[in-house]
Amino acid sequence: MAKISFVIPCYRSEGTIRKVVDEIRDTVSAHNGAVSNGAVSSSAVDDYEIVLVNDCSPDGVWNEIKTLATEDPNIKGICLAKNFGQHSALMAGYANATGDYIVSLDDDGQTPACETYKLVEKLEEGFDVVYGYYNHAAQHLFRRLGSWTNKKMAEAIIGQPKTLNTTSFFIMRKFIAEEIVRYPHPFPYISGLVFRATKNLGNVYVGHRKRLEGKSGYTLSGLISLWVNGFTAFSVKPLRAATFIGIICALVGFVAGLFVVYEKFMNPQVPIGYTSLLATLLFVGGMIMLLLGLIGEYVGRIYISINQSPQYVVRERTQPREG
């Protein structure tokens, strides 16, 4: 017997969140009915909760969440005071989840809540965290390219196993969620927090669907901001790379200087090229500014963390009622 908490960040999902919630309820009900009839042998999950976090959505999703919470005592609603981002919204949800297993999924219907028990069964094989993995992601080329880039960078910088494929549909044990919410700083990155908590990670294939309506809230700038957040918050490898790049640039400059001196001694009549000198200055200057910006990013995050900027601020919660 176990309890599952479903944590769903909500943004511009007024027209989809009820369908997602209904699918969750139907999935849990069907599973418990199958267990009662002896159709499946896994442990019955006779309790669940759905934690819906409104990330200050500009539409009427908070009113929809309050309506759902009024109808179903298993639903909790949390309204954030401003848009803190998906990962901060997940942190708010985890902090309010009470289940033995915590499932994270999207509010747009793309993640198949009906396949939750595939993740549960894989988790019960002994894993701490299991990610749903899509054979064919129903996403635009831009999002697929972004996901691939994120995976490669995560492998290189924050230690994501090369055999692991991460998505927004995953399940974790309670102790992992408890460890994640202990992170106090204002730049949470869920994958980084998971990877530093455990290496006992699994994958299971699930389906992937098109959004029920609307379009993704992530833009190119949003994805870049998310990558920078994750990699600067959980790794110093970018700083080490900056040191390496600085050494390379210094060597290039030194070799270019030797070449200029050699040319001048061997043929004093030949003027040293203005173009090559300008190109070298622009290259070295550009790299210096890039690396200073990277270092500034780290310093800025240290400053904001020292100021104890909040991960999220809760404006309102739904009132629990007796079932």
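In this predicted model, Y133 has a relative accessible area of 26% and is therefore partly exposed, since that class covers values between 20% and 50%. Y205, at 48% relative accessibility, counts as partly exposed as well. The rings of Y133 and Y205 form an aromatic pair that is tilted, with 5.1 Å from centre to centre and 45° between the planes. This pair connects distant parts of the chain, because Y133 sits in strand 5 while Y205 belongs to strand 7 (residues 201-206), 72 residues apart.

The structure holds 2 aromatic pairs, and the other one is made by Y131 and F170, whose rings are tilted at 35° between the planes, with their centres 5.1 Å apart. Here too distant parts of the chain are linked, with Y131 in strand 5 (residues 129-134) and F170 in strand 6 (residues 170-173), 39 residues apart. Both Y131 and F170 are buried.

The strands that carry these rings can now be placed in the sheet as a whole. Its 8 strands form an open sheet of mixed pairing, in the order 7-5-6-4-1-2-3-8, and at its edges lie strand 7 and strand 8 (314-317), each of which pairs on one side only. From one strand to the next, the twist averages 20°.

Elsewhere in that order, strand 1 (residues 3-10) and strand 2 (residues 47-54) run parallel and are joined by 8 bridges, and I4 has Y48 in strand 2 as its bridge partner. Helix 4 (residues 116-123) packs on the sheet, where it touches strand 1, strand 4 (101-104), strand 5, strand 6 and strand 7, and the direction of helix 4 makes about 150° with that of strand 7.

Notes:
Residues are numbered from 1 along each chain as its sequence is written. This is a predicted model: local features need pLDDT of at least 70, side-chain atom pairs count only at pLDDT 80 or more; totals for chains, interfaces and linings use all residues. Side-chain values use heavy atoms; hydrogens and water are left out. Rings of Phe, Tyr and Trp (its six-membered ring) pair if their centres lie within 6.5 Å; planes under 30 degrees apart count as stacked, over 60 as edge-to-face and the rest as tilted. Helices (H or I, at least four residues) and strands (E, at least two) are DSSP runs, numbered from the N terminus. Buried means under 20% relative accessible area, exposed over 50%, partly exposed in between (1.4 Å probe, protein chains only). Two strands pair if DSSP finds at least two bridges between them. Axes are lines fitted to C-alpha atoms, for helices over the stretch in contact, and angles run from 0 to 180 degrees between N-to-C directions. Contact means heavy atoms within 4.5 Å.
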